[in-house]
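Trainee: I've got a model open and I'd like to learn how to read it feature by feature. Can you walk me through it?
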Amino acid sequence: MTTIKTRHLTVGVLATAMAVLAVAPAAQAAPQVGQGDLGQPKDTSVTVGRLVLEPTERGYRGSVPLTISYRGTETADLQVTIAEPVAGAFENFDSDFPCFYGQREGELRRDIRCGASPIRGGERRDYTIDFEVLTATQAYAMSAVGGAVTVQTIDSQPVTVTKSIDTLFRSTTGSLRNPRPYVQDTQTDASVTAGAATLVRQEDGSYLGRVPLTVRYNGDAPHDGLQLEAVLPDGVQLRGISPGAVCAFPWCEVPGGDFMPGEERSMELLVSAPAGTAPGDLGTGTARLHTFFFLDELSDVDPSDNAAAFSLTAVDGAA
């Protein structure tokens, strides 16, 4: 499956993402037609299995089987749209065609519109849709509502069929009984701390140093990874991040992808100063932490710990 996703490092990247959406407009909420759950159209049958999310070492994972039986007499184009049962849960649709993300108005859950190869008259097609929910596993079962799969066949008599996804989280004891509603966080609870950095003179006269950072993510609000913005004094430049991750200066992705609730990671910003810089105090920098989901920056329960200041010092010898 090819998936079109977005990143939030620069205005240019955001503009590219918006261009993708202009080519493939965001899917709206799955259309409800009288032939969906209320009755089958004569030329298309759609079956969606139950989604059982199994507890793992990192949250829950599960898959939904999707079967499409096309009873038309001609070959039809096929499109599948998945409304997430949990925001950020969609992982994969096993088609070789692209998927495009669309935000649902007024909520964090997304619609994922996926292409598929044309389907022939009388053909039956089986797919699998994979989901992952990064939340703490529980000793009781849970349930989520609102997930759905919409199948559209595009031919001389186009048909749209919508089926809901019955979603359950299996308890850590193996039970699916008496599920409680799963309630996902809508605000992030992220924080960053920083230590001082010493920049050491190199053979060419320039200075290099590392700013130690620790990023923590509490709660299970959906996110497409976290971003760090480095605000540095004049003459000091951001060179990258360790462990390695994508940077579009002065932004860098937090290495390691999405976080589990309570997960904490250590990393270092790589910084430099040019040759000719006088040894001594170079000033104070700030690391600002941002959390994005799709095209929006999410609000944090405590913005005060989303920025951390650090001092920068240049020295002639080894630190």
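## Reading the model, feature by feature

Mentor: Let's begin with a disulfide: the S-S torsion of Cys-247 and Cys-252 is about 110°, so this disulfide is right-handed. Keep in mind that the model is predicted.

Trainee: What is the S to S distance in the disulfide of Cys-247 and Cys-252?

Mentor: The sulfur atoms of Cys-247 and Cys-252 are 1.9 Å apart. For a pair of cysteine sulfurs to be called a disulfide, the cut-off is within 2.5 Å.

Trainee: Are Cys-247 and Cys-252 buried or exposed?

Mentor: The two cysteines fall into separate classes, and the cut-off for buried is under 20% relative accessible area. Cys-247 has 22%, so it counts as partly exposed. Cys-252 has 1%, so it is buried.

Trainee: How many disulfides does the structure hold?

Mentor: There are 2. In the other pair, Cys-99 is bonded to Cys-114 with an S to S distance of 2.1 Å. Because Cys-99 sits in strand β7 (residues 98–103) and Cys-114 in strand β8 (residues 110–119), that bond ties together parts 15 residues apart in sequence. Both Cys-99 and Cys-114 are buried. The torsion about their S-S bond is about 110°, so this disulfide is right-handed. If you number the bonded cysteines in sequence order, the pairing reads 1-2, 3-4.

Trainee: Okay, let me zoom out. What does the secondary structure of the chain come to?

Mentor: You'll find 1 helix and 25 strands. The chain has 319 residues, and 47% of them are buried. The accessible surface is about 14,700 Å², with 49% of that belonging to carbon and sulfur atoms.

Trainee: And what about contacts in the chain between residues at least 6 apart in sequence?

Mentor: Of those contacts, 76% join residues at least 24 apart. For a single pair to look up, try Ser-164 and Ala-83: they are 81 residues apart along the chain, yet their C-alpha atoms are separated by 8.9 Å. Ser-164 belongs to strand β12 (residues 159–164), and with 45% relative accessibility Ser-164 counts as partly exposed.

Trainee: How do I read the two faces of a strand?

Mentor: The general idea is that side chains in a regular strand alternate between the two faces of the sheet. Take strand β17, residues 207–218. Its covered face holds Tyr-207, Gly-209, Val-211, Leu-213, Val-215 and Tyr-217. The uncovered face holds Leu-208, Arg-210, Pro-212, Thr-214, Arg-216 and Asn-218.

Trainee: Which bridges join β17 to strand β22?

Mentor: The two strands pair in the antiparallel sense over 11 bridges, with β22 spanning residues 263–273. To find the register, start from Val-211, whose bridge partner in β22 is Leu-269.

Trainee: How many bridges join strand β15 to β17?

Mentor: There are 6, and these strands run antiparallel, with β15 covering residues 189–194. Here you can start from Ala-190, whose bridge partner in β17 is Tyr-217. Strand β16 (residues 197–201) also pairs with β17 in the antiparallel sense, over 2 bridges. For that pairing, look at Val-200, which has Leu-208 as its bridge partner in β17.

Trainee: How many residues lie between β16 and β17 in their hairpin?

Mentor: There are 5. In that turn, Gly-205 has a positive phi of about 95°.

Trainee: How should I read phi and omega in general?

Mentor: Most residues other than glycine have a negative phi, and most peptide bonds are trans. Now look at Asn-178, which has a positive phi of about 50° although it is not a glycine. Asn-178 lies in the loop between β13 (167–169) and β14 (180–181). At 71% relative accessibility, Asn-178 counts as exposed.

Trainee: And which residues does a cis peptide bond join?

Mentor: One such bond joins Phe-249 and Pro-250, with omega at about 10°. Pro-250 is in the loop between β20 and β21 (251–253). Another cis bond runs from Ser-242 to Pro-243, with omega near 0°. Look for Pro-243 in the loop between β19 (237–242) and β20 (247–248).

Note on methods: Residues are numbered from 1 along each chain as its sequence is written. This is a predicted model: local features need pLDDT of at least 70, side-chain atom pairs count only at pLDDT 80 or more; totals for chains, interfaces and linings use all residues. Side-chain values use heavy atoms; hydrogens and water are left out. Helices (H or I, at least four residues) and strands (E, at least two) are DSSP runs, numbered from the N terminus. Buried means under 20% relative accessible area, exposed over 50%, partly exposed in between (1.4 Å probe, protein chains only). Contact means heavy atoms within 4.5 Å. Accessible areas come from the Shrake-Rupley method with a 1.4 Å probe; for residues, only the protein chains shown count as cover. Two strands pair if DSSP finds at least two bridges between them.
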